[in-house]
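Q: Please take a close look at a single part, the surroundings of the ligands, and explain it step by step to someone in a first year of study.

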Amino acid sequence: MDETSALINVRDKDLWEEMMALALKIKHKVYDNRIVTFAPLYMGNRCVNNCLYCAFRHDNDLAERRVLSFSEIKTETEILAGKIGHKRLIVVYGEHPETDADYIAESLKTIYNVKVKTKRGWGQIRRANVNAAPFSVEELKKLNEIGIGTYQVFQETYHHETYGKVHPKGTLKSDYAWRLYCMHRAFEAGVDDVGIGALFGLYDWKFEVMGLVCHSLELEKQFGIGPHTVSFPRLEPAANTPFAGGGKHKVTDEDFKKIVTLIRLAVPYTGMILTARETPEIRREVVSLGCTQLDASSRIGIGAYADGYSGQKGRRQQFLLGDTRTLDEIVREEAERGRITSFCTAGYRCGRTGECVMNLLRSGQEGKFCKLNAILTFREWLDDFASPLTRTVGEKVIQREIEQIKKEKWSVYPKLVEYYERIKNGERDLFF
Ligand code: SAM
Ligand code: SF4
């Protein structure tokens, strides 16, 4: 905490540049040149809460409310997994009896059951992370059985007074401590993969960074496992939601870069999610400060993947998006910048989660498995979903990766070549 507070207050421009360069170096050490992509899937916009910044808040009379049926969830997933080529989702829920833990469990089952034939193989969601309300231990146990992925709950603001102002009294969300300790309950329930975050713009960003670091250290201390991901969304405009326009704590682009740098330096092992709330220009710059995950082809209107809804001023979504580029475009751009998009989820399926993955990440070893699996899953994706141009650019990156492994004489090189050739010939889902 002392070190973070010292770095937060650095004024010297050169020193900031040095810190930013170091952030990228750390990211490379832990995650190499890999980027992971995902899409948000919003399940409904009914909510009992009244968060002043959110278009889903109960009192927003202009919102068109609905909750997806299981057959609609199936259709949305078929598009995401079968047409766009996503393997990972963040599934987002309002807090409402219609989207309670039973609904969430059933919706996750529905998502995992979707399997779509593609050109060469199958499109399937292999990892569904969840962003939802803070649950009880019992509810979390239920979700853990289905396979909840990373359980994300953002504290929004760590500042008590502000928390009280933006989450009106009498609503479920007004209970600061219930929200703060939900990750403790998650560990108690056996969910060892959790994501934390703050909504930047509600209060002084420096305070929120300290809050996030403190929260991470507390989880490490109590459970030996820190957050698998940290999110740092900036407050966006939202329909019929004046508060979301940005007040005196609105975070400038310059400060946003500092936030990302500080989180990377203070929580070096964590995954960092840079969402399509930000514009392409900002994402291009900020991803190089140590981010690991980007969403792409994102639609956040309820049911919007199926009906093509992209109404940015609409009444069906929580806030406005800054980046509406497709997965193909983002993968291509990352490849042009020398980064490989990994569609790998093998780590979770082989039990490399929780404490195990923390140790691997801390020692830089997880990177080895990931590098191999990134090559294999990227090859799959290029064959199944990429445009011709993206395939050409992507193949160059793969060749470079394979060459590096050969040059460094990794013992698994022959096995990698064997798997790679088998995938090229149409086999799927081979991993280390
Ligand atoms: N309802 C659950 C909750 O509030 O925790 C989960 C879903 S909520 C739709 C996901 C996150 O979106 C919130 O935790 C909040 O940080 C973020 N959010 C809400 N309004 C936003 C806005 N206007 N701009 C950017 N992010 C926003
Ligand atoms: Fe509901 Fe979450 Fe929006 Fe608050 S942020 S109104 S809890 S959906």
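A: In this predicted model, the shell around ligand 1 consists of 11 nonpolar, 3 polar and 6 charged residues, where Ala, Val, Leu, Ile, Met, Phe, Trp, Tyr, Cys and Pro count as nonpolar, Asp, Glu, Lys and Arg as charged, and the others, Gly among them, as polar. That shell holds 20 residues, and the closest of them to the ligand are E156, K173, R179, E236 and Q318; to belong to it, a residue needs a heavy atom within 4 Å of the molecule. Residues are numbered from 1 along each chain as its sequence is written, while chains are lettered from A and ligands numbered from 1 in the order in which they are written. Local features need pLDDT of at least 70, side-chain atom pairs count only at pLDDT 80 or more, totals for chains, interfaces and linings use all residues, and side-chain values rest on heavy atoms, with hydrogens and water left out.

Several polar contacts (N or O pairs within 3.5 Å) can be followed from ligand 1 to its neighbours. E156, already listed among the closest residues, has a side-chain N or O atom 2.6 Å from an oxygen atom of ligand 1. With Y93, by contrast, a polar backbone atom is involved, and it lies 3.1 Å from a nitrogen atom of the ligand. R277 brings a polar side-chain atom to 3.0 Å from a nitrogen atom of ligand 1. Of the 560 Å² of accessible area that ligand 1 has on its own, the protein covers 96% (Shrake-Rupley method, 1.4 Å probe).

The space that ligand 1 takes is the largest cavity, one of 8 cavities of 30 Å³ or more in the structure; a cavity is a set of points, on a 1 Å grid over the protein atoms alone, where a 1.4 Å probe fits but cannot get out. The largest cavity contains about 680 Å³ of space, a volume filled by probe spheres set on the points. Its lining (residues with an atom within 4 Å of a point) comprises 40 residues, and those nearest the centre are Y42, V92, N131, R277 and Q318. R277 thus appears here as well as in a contact with ligand 1. By class, the lining has 24 nonpolar, 7 polar and 9 charged residues. Two strands (DSSP E runs of at least two residues), β1 (34-42) and β2 (88-92), each give at least two residues to this lining, and β1 supplies the largest share, namely 3 residues.

Ligand 2 also sits in the largest cavity, in the sense that more than half of its atoms lie within 2 Å of the grid points. Around ligand 2 are C47, N49, C51, Y53, C54, F56, R57 and K173, and its shell divides into 5 nonpolar, 1 polar and 2 charged residues. K173 therefore deserves a second look: it is named in the shell of ligand 2, and K173 is also one of the closest residues to ligand 1, by the 4 Å limit.

Note on methods. Polar contact = N/O pair within 3.5 Å; in protein donor to acceptor, adjacent residues only side chain to side chain. 1 Å grid on protein atoms, 1.4 Å probe; cavity = no way out; pocket = protein on both sides within 12 Å on 5 of 7 lines; lining within 4 Å. Helix = DSSP H or I, 4+ residues; strand = E, 2+ residues; numbered from the N terminus.
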